[in-house]
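This report covers one helix and the pocket beside it. The sequence and structure come next.

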Amino acid sequence: MENGTAELIVSMLGAISSTTSVILFLPQFWSIYRSRGEPRALLGVPVARMVVLWVQALLWIFYGVSLGQIWVSLPGLVNTPFMVASIVIVRRAHRRLAERRAHLS
């Protein structure tokens, strides 16, 4: 296989993998975003899991940058704003529920 063809195949695989990684997280974000006004709907979403996903994305970003491979970094770069927004929305929902419980006690 020619060097140019191999590079093209690797780039195509990287693009497909990155696109898949982005697509996999977006439904989770969309569900969280739609439920932002209903704290009880977000009760089952653990903030710690979201933080771990975010840290993982950051590590992939740094790893990809260190290799000079944009396809490795791209999913983390695209998903990080959605992950941070998800963390903020879920934390606010959990805080609202805790305040309501404290008020009822």
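In this predicted model, helix α3 has a kink of about 40° at Asn79, shortly before the proline Pro81. How far apart are the end C-alpha atoms of α3? They are 51 Å apart, which agrees with the 51 Å that its 35 residues should span at 1.5 Å a residue.

The buried residues of α3 include Ser73, Pro75, Gly76, Asn79, Thr80 and Met83, and further along Ser86, Ile87, Ile89, Val90, Ala93 and Leu97. They pack against α1 and α2.

One of these residues, Pro75, lies in helix α3. Pro75 counts as buried because its relative accessible area is 12%, and the cut-off is under 20%. Leaving aside residues up to four places away in sequence, Pro75 touches Ser18, Ser21 and Val22. Ser21 is 54 residues from Pro75 along the chain, yet their C-alpha atoms are separated by 5.9 Å.

Ser21 also appears in the lining of the largest pocket. This pocket holds about 270 Å³ of space. Of its 13 lining residues, the closest to the centre are Ser21, Leu53, Gln56, Asn79 and Met83. Asn79, the site of the kink, is thus named here as well. Two or more lining residues come from each of α1 (3-34), α2 (47-67) and α3 (70-104), and α2 gives the most, with five residues. The lining divides by class as follows.

| Class | Residues in the lining of the largest pocket |
|---|---|
| Nonpolar | seven residues |
| Polar | five residues |
| Charged | one residue |

Definitions and conventions
Residues are numbered from 1 along each chain as its sequence is written. This is a predicted model: local features need pLDDT of at least 70, side-chain atom pairs count only at pLDDT 80 or more; totals for chains, interfaces and linings use all residues. Side-chain values use heavy atoms; hydrogens and water are left out. On a 1 Å grid over the protein atoms alone, a cavity is a set of points where a 1.4 Å probe fits but cannot get out, and a pocket is an open set with protein on both sides within 12 Å along at least five of seven lines; lining residues have an atom within 4 Å of a point. Grid points are joined across faces, edges and corners, and a volume is the space filled by probe spheres set on the points. Helices (H or I, at least four residues) and strands (E, at least two) are DSSP runs, numbered from the N terminus. Ala, Val, Leu, Ile, Met, Phe, Trp, Tyr, Cys and Pro count as nonpolar, Asp, Glu, Lys and Arg as charged, and the others, Gly among them, as polar. The expected span of a helix is 1.5 Å times one less than its number of residues. The bend at a residue is the angle between axes fitted to the seven residues ending there and the seven starting there. Buried means under 20% relative accessible area, exposed over 50%, partly exposed in between (1.4 Å probe, protein chains only). Contact means heavy atoms within 4.5 Å.
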